[in-house]
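Visitor: Could you walk me through this one? I am new to looking at helices.

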Amino acid sequence: ARQDLENRVEPDRRMAARVKAAIGVVHGHLGDTGQAIHELREAIRELAAVADGMQYEAQARVQLADLAERAGGQEELVRECLSRAADIYEASGDQRLTKELRRRLTELDR
C-alpha cells in the first residue's frame, strides 16, 4: 500500500507515511521494538514534512511514546514525543488530548 501511494503520478506522501506508522505499530506488537521505533520515527519525519500531516504526526508520536514506554529505559524519547504531540493537539484546539498528554508528562516527572 505504501509503495502504491508513493508511486502515484501525484504521490500521497501523507497517507504513505501513515501506512509506515501502521507498519511500525505492527512491528511493535510483534515484539520487534527496534524496527518499530525506526518505522515510527521515519513516519513522524515524513508527516512533519507535509503541510496537512500535523494531526497524524501527533498520533504517530503518541504511538512511538507508548512503544518506548512499554520497552522501558527510553524516558527522554517518551517525554519528547508526548510533549510535541501535546503541542500539536493544543495548536489544533483539541483540549481533551492536550490535557491527557500533559497529565502523562506530569506522571513521568514523579
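**How the helices pack**

Guide: H4 and H5 are roughly antiparallel to each other, because angles over 145 degrees count as roughly antiparallel, and please keep in mind that this is a predicted model.

Visitor: OK, so what angle do H4 and H5 pack at, and how far apart are their axes?

Guide: The angle between H4 and H5 is about 155 degrees, and their axes are 8 Å apart; the crossing of these two helices is left-handed.

Visitor: Which residues make that contact?

Guide: From H4 they include Val62, Leu64 and Ala65, while H5 contributes residues including Val78, Leu82 and Tyr89. By class, the contact of H4 with H5 has 13 nonpolar, three polar and five charged residues.

Visitor: Switching topic, which residues touch the most other members of the largest nonpolar core?

Guide: That core has 27 residues, and those touching the most other members are Leu64, Val78, Leu82, Ala85, Tyr89 and Leu101. Two or more residues come from each of H2, H3, H4, H5 and H6, and H5 gives the most, with eight residues.

Visitor: And what does Tyr89 touch?

Guide: Leaving out residues up to four places away in sequence, Tyr89 touches Gln55, Ala58, Gln59, Val62, Asp94, Leu97, Thr98 and Leu101.

Visitor: What about H2 and H3, how do they cross?

Guide: The axes of H2, residues 13-29, and H3, residues 33-49, come within 7 Å and cross at roughly 160 degrees, so H2 and H3 are roughly antiparallel to each other. H2 passes H3 in a left-handed crossing, and their contact has eight nonpolar, four polar and six charged residues.

Definitions and conventions:
Residues are numbered from 1 along each chain as its sequence is written. This is a predicted model: local features need pLDDT of at least 70, side-chain atom pairs count only at pLDDT 80 or more; totals for chains, interfaces and linings use all residues. Side-chain values use heavy atoms; hydrogens and water are left out. Axes are lines fitted to C-alpha atoms, for helices over the stretch in contact, and angles run from 0 to 180 degrees between N-to-C directions. Helices (H or I, at least four residues) and strands (E, at least two) are DSSP runs, numbered from the N terminus. Angles under 35 degrees count as roughly parallel, over 145 as roughly antiparallel, 65 to 115 as roughly perpendicular and the rest as oblique. A crossing is left-handed if the near helix is turned anticlockwise from the far one by less than a right angle, and right-handed if clockwise. Ala, Val, Leu, Ile, Met, Phe, Trp, Tyr, Cys and Pro count as nonpolar, Asp, Glu, Lys and Arg as charged, and the others, Gly among them, as polar. A nonpolar core is a set of buried Ala, Val, Leu, Ile, Met, Phe, Trp, Tyr and Cys residues joined through side-chain atoms within 4.5 Å. Buried means under 20% relative accessible area, exposed over 50%, partly exposed in between (1.4 Å probe, protein chains only). Contact means heavy atoms within 4.5 Å.
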